[in-house]
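Notebook open, coffee poured. I want to go through this one piece by piece and jot down what I find.

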Amino acid sequence: MKAVALVGGQGTRMRPLTFTTPKPLLPLCQRPLIWYTVERCKTAGIEELILSTGYKPQLFETVVGDRVEDVKISYVHETDPLGTAGGAKNCEALLDSTFIVFNGDVLTSVDLSDLIRTHESTGASVTIYLTEVEDPREYGVVPTAETGEVLDFIEKPSLEEAPTNFVNGGIYVIERDILALIPEGVPYSFERELFPKLLEDGVLVVGYKSSSYWLDVGTPAKYLQAHNDLMSGRLHVQPPGTESDGLYFLGEAYISPDAEVVGPVVIGDGVRVESEVSIKGPVSIGPDSRIEGPSQITRSVLLGGNSVGRNSVVEDSILGERAEIASDCLVSEFAVIGAGALVGSGNELRRGMRVWPGVEVEDSAIKF
């Protein structure tokens, strides 16, 4: 069986990180997000994953290559955005039988093998992975009959209008002949167009309900949550590296004897943690980063090549590659610093403030 991962979006909600890196290639504990989809494919015996690219396609081939262990990686590029169903249609020439589709920003521990078995046993044309959420207002709600047959698709209902808390989890098993119903070369949506049309035409669409871990990694806050969830074991995937007392080393690193480093913390190759630094996980520190003391890093992600100066605090925030934080700074409350940006001495960045790549923040008058 083959699978398609829809990775063509620009990831606008994740800017400034996605100005330089497509969202599926952003590191999660220093492995690209798409790596976790490849792992699910490998576990389920899927032999080929087709990446439907659009934004910065050359980076996918550079980072992912043409094979990840037992899974062959192929690429189909869309020059103009085609939507979710249109992106799958664009891969039709490489699909010869039943296939799986992944939304590129979904992180889950769902059992794909059981999802496939359910699809085969019901004789459905489409089987949709459904996950339960506390608040369904931001998702597509999918009510089902006791038999599992999908009854309706309701986009972003109010709490009063939502008949269920089970929502579309962004993974589908689809029979190949369904591709004939998708128009070629134009934007077309699974969620808002194809799936409702199938119900109108009496085509059997089944919902597969699962309590497995699921997260839509669509915002910086969710990106930080993904790190937290992986390091706390909720994703049922071990953080990479050699583990020692909750610290996961991905190479040689220096940690001063009087630094306080409390895991879980993933530490890349070439990292230096100087005297009097306090790091409290979950934290991921990318390769070749330097933390000067005294300073504090808490519940944050440093993508690599970063520096944090004396008396600075980084908490609940993200530093893009080569971003620098000078001395006496506070970066907190889901602030995001773009690649190569410099936050000058004495600045405070809070409340989700975002610094674009390469920008130099000098004036403390921008404090929130």
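Before I sort any lining residues, my classes: Ala, Val, Leu, Ile, Met, Phe, Trp, Tyr, Cys and Pro go down as nonpolar, Asp, Glu, Lys and Arg as charged, and the others, Gly among them, as polar. Also a reminder to self that this is a predicted model.

**Entry 1, cavities.** I looked for enclosed holes and got 3 cavities of 30 Å³ or more. The largest cavity comes to about 40 Å³. I then listed what lines the largest cavity: Gly140, Val141, Val142, Phe153, Ile154, Glu155, Asn168 and Glu191. Strand 10 (140-141) and strand 11 (154-155) are the elements that give two or more residues to that lining. Sorted by class, the lining of the largest cavity has 4 nonpolar, 2 polar and 2 charged residues.

**Entry 2, helix 6.** Glu191 from that lining sits in helix 6 (residues 190-200), so I went there next. Which residues of helix 6 are buried? I noted Phe190, Glu191, Leu194, Phe195 and Leu198. Looking down the axis of helix 6, I see these buried residues fall within an arc of 115°, so they line one face of the helix. The spacing makes sense to me, because an α-helix has 3.6 residues a turn and residues three or four places apart point the same way. On the face of helix 6 turned away from the buried side I found the exposed residues Arg192 and Glu200. After helix 6 comes glycine 202, and I wrote down its phi as positive, near 80°.

**Entry 3, cysteines.** How many disulfides does the structure hold? I count 0. A disulfide needs the two sulfur atoms within 2.5 Å. The sulfur of cysteine 41 has its closest cysteine sulfur in cysteine 91, 13 Å away, which is too far for a bond. Cysteine 91 is likewise in no disulfide, with the sulfur of cysteine 41 as its nearest. Are these cysteines buried or exposed? Cysteine 41 counts as buried because its relative accessibility is 0%. Cysteine 91 also counts as buried, at 0% relative accessibility.

**Entry 4, the whole chain.** Stepping back, I tallied 7 helices and 35 strands in the protein chain. I get a radius of gyration of 22 Å for the protein chain, and a compact globule with 368 residues would have one near 21 Å, so the two agree. Along the principal axes, the C-alpha atoms fill a box of roughly 65 × 45 × 40 Å. Last note of the day: buried residues make up 54% of the 368 residues.

Definitions and conventions:
Residues numbered from 1 in each chain as written. Predicted model: local features only at pLDDT ≥ 70, side-chain atom pairs only at ≥ 80, totals over all residues. Heavy atoms only, no water. 1 Å grid on protein atoms, 1.4 Å probe; cavity = no way out; pocket = protein on both sides within 12 Å on 5 of 7 lines; lining within 4 Å. Points joined across faces, edges and corners; volume = space filled by probe spheres on them. Helix = DSSP H or I, 4+ residues; strand = E, 2+ residues; numbered from the N terminus. Buried < 20%, exposed > 50% of the residue type's maximum accessible area, 1.4 Å probe, protein only. Arc of directions from axis to C-beta. Rg over C-alpha atoms; globule rule 2.2 N^0.38 Å.
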